[in-house]
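Got the model open in your viewer? Let's take a walk through it, one selection at a time.

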Amino acid sequence: MFDLVLQGPAMLSDGRHDACWIGVREGKIAAIGQGDAPDAAEVHIVTDGLILPGVVDGQTHACSYGGLPGIESTTRSAVAGGVTTLVDMPYDNPDPLNTKARLDEKITTINAVAYADMALYATVAPGQDNSEIAPLIEGGVVAFKISTFESNPTRFPRIQTPQILSIFETLAPTNIPLGVHNEDQEMVHAFMAAAKKAGQNGLVAHSESRPASAEMSATAQFLELGAAAHAHAHIVHLTTARGFQLVDNYAFDGYRATGELCVHYLWFDPEIDGEELGAKMKVNPPIRPGEIDALWEEILAGRVALISSDHSSWPIDNKLTPSIFDAGAGVPGMETLLPCFYTAAEQRGLDAAALTAEMLSERPARFFGLFPQKGAIRIGADADFAILKHQPQIWDSANAHDDLNWSPFDGRVFSVTVDRTYVRGQLAWDGENICSQPGSGTFVPRGNGHWFEDEETRHEHD
C-alpha cells in the first residue's frame, strides 16, 4: 500500500502521459502505472490540470535582506508557487557564505525553518585564500559564485581578475561550476555618472547606463579565464541572445561554459513597461528592450542551460527612491516563476508543459548535481510535485506568502494556477493554504552527476 497516489495527466521523465498514476512511499516515487489507481492512504485525482515535477529554482536570494531567518518566508512562498527545491545564493546579510562554519550555520537554519528543500551556492571573499573551497564542496555546496561588480564591499564584493583565475584553477579538477554576476564595473560607473550628470532617470536610463557592452565584456573575460583553467564557467544571468551565442562558442570549442536566463527577461521590456513599473522592475544586469523574441529562440535552440527566478527578498521600501540609480535591484519571484513561464510559453504556441518540466525542473536539477533525486517524475526520485490547474489568474502580490507583498507582475494574467505542491510526498500547499510546517524542508547536498556528463548521456539517447 502506498502513502500517496496521484492520478491524472502528468509530465513523466519520458514525456506526457494523459492517464497515469504515481505511487509514493516514504517520500519517494515507488511506482508509476496506467489504469486504475492502487490503494493508498491518500489518493488525489487531477482532472482539469497537470502533474509536473516540482520546480527547482536555480537562483534565489532568500537571505539578502533579512539574513538567515529569511529562509522561512522565502520557502513558504516557494511551495505556494510549486517550487520544491531552491538553489540559494551565498550573498547573505550581513556576511556571505564563504566558510564551512557559515555553511553549517545555514544548513542548521534550513533544517529548522524551511518549507522547501534547499541546495546552496558558496563564494570566496576578496583576498581570501582557497583553503575553504574543498571543505565547502565536501559540505555539499552545488556551486560557487563571485561578482565582477561590487554592490557591497562585504556582502556582494567585486573579485579581481587574478583571484578569479585562481578560483577557477582550484575548481578545475572538480565538477563544480563557478558562476558570475557579469558586469564591467568601470564601464557601469562611467555610464551611470554620465546619465546622472545629464539628469536622466527611469528604467530606460537604468538600462542604458548598464549597457550590453558592459555585460558582454565581463562575460567574455570570465569565459576566457574559465577556458584558461579548463574549469566550468557559468553566467548566472544573460540578457541578450548574443550572450548565449558567445557561451555556446566556448562550449563548441570544448570548454565547460554555460549560461542561465531569468524569467523576467522573457516578460518585461523597459520601453513598454518602464514608465508604469519604474524601479519595481529594476534588476541587474538590466532588462533589455526588444530582446524577448530573440531570447525565446535561444531557449528553443538549446543554448539556455536553465531558467530561474533570481528571487530577491527586498522590501518595497528599497525601491521607493527619487532616483532609479539609488533603488535596489531585484524582484520577488517565488510564486510567479512557474505560472509566468508556463503562460509565456503557451502564448507562443509552444508545448508549455514539456518546456516547463525541462527548463524549470530537469535541467536545473541536472546542472546542480541534484538529478535523479530531483527534477523529474521517475521511480526512485523524491516525490516532489507541482500540480497546475487550467484556471487563469490575475496576479495579486497582496496574497503572496513571502512577507514582501509586492511584485512587478501585479495585474498580469497567468493562464494557470498552482493547485497543489508536494515536497517529498507531503502536501505543502493545497491551492489556498500552506499545509506543511517550518522544518519540513531540508538541505540537499550536491550528488555525483554533472552538467556535461548528463548532456553527453542525453545526446547519446536522442
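Start by selecting Gly 179 and His 234: His 234, in E11, is the bridge partner of Gly 179. Before moving on, some housekeeping: this is a predicted model, where local features need pLDDT of at least 70, side-chain atom pairs count only at pLDDT 80 or more, and totals for chains, interfaces and linings use all residues. Residues are numbered from 1 along each chain as its sequence is written, and side-chain values use heavy atoms, with hydrogens and water left out. Helices (H or I, at least four residues) and strands (E, at least two) are DSSP runs, numbered from the N terminus.

**The strand E10**

Now select residues 178-181, which make up strand E10. Leu 178 and Val 180 point one way, Gly 179 and His 181 the other way, and all are buried; buried means under 20% relative accessible area, exposed over 50%, and partly exposed in between, using a 1.4 Å probe and protein chains only. On one pairing, E10 is joined to E11 by three bridges, and the two run parallel. Strand E9 (residues 143-147) also pairs with E10 in the parallel sense, over four bridges; two strands count as paired if DSSP finds at least two bridges between them. Look for Ser 147, which stands opposite His 181 in E10. To get from E9 to E10, the chain crosses through helix H4 (residues 161-171), and this β-α-β crossover is right-handed (with the strands pointing away from the viewer, the path from the first strand over the helix to the second runs clockwise).

**The whole sheet**

Zoom out. Nine strands form an open sheet in the order E13-E12-E11-E10-E9-E8-E7-E6-E14, with parallel pairing. Which strands are at the edge? They are strand E13 (306-308) and strand E14 (311-312), each pairing on one side only.

Next, pick strand E11 (residues 233-235) and strand E12 (residues 257-262), which run parallel and are joined by three bridges. Ala 233 stands opposite Ala 257 in E12. Add helix H8 (residues 241-252): H8 packs on the sheet, touching E11 and E12, and its direction makes about 155° with that of E12. (Axes are lines fitted to C-alpha atoms, for helices over the stretch in contact, and angles run from 0 to 180 degrees between N-to-C directions.)

**Into the core**

Select Phe 144, Ile 299, Ile 307 and Phe 341: these have the most contacts inside the largest nonpolar core, which has 111 residues. Such a core is a set of buried Ala, Val, Leu, Ile, Met, Phe, Trp, Tyr and Cys residues joined through side-chain atoms within 4.5 Å. Leaving aside neighbours within four places in sequence, Ile 307 is in contact (heavy atoms within 4.5 Å) with residues including Leu 261, Val 263 and Met 359. A second, separate core of 19 residues includes Val 142, Ala 365, Phe 368 and Trp 451.

**Last stops**

How many disulfides does a search of the whole structure find? Zero, a disulfide being a pair of cysteine sulfur atoms within 2.5 Å. From Cys 63, the nearest cysteine sulfur, that of Cys 262, is 18 Å away. Cys 63 is buried, with a relative accessible area of 0%.

Finish at Thr 336, in the loop between E14 and helix H11 (337-347). Thr 336 is buried, with a relative accessible area of 3%. Leaving aside its neighbours within four places in sequence, Thr 336 is in contact with Phe 341, Trp 395, Ser 407, Phe 409 and Phe 414.
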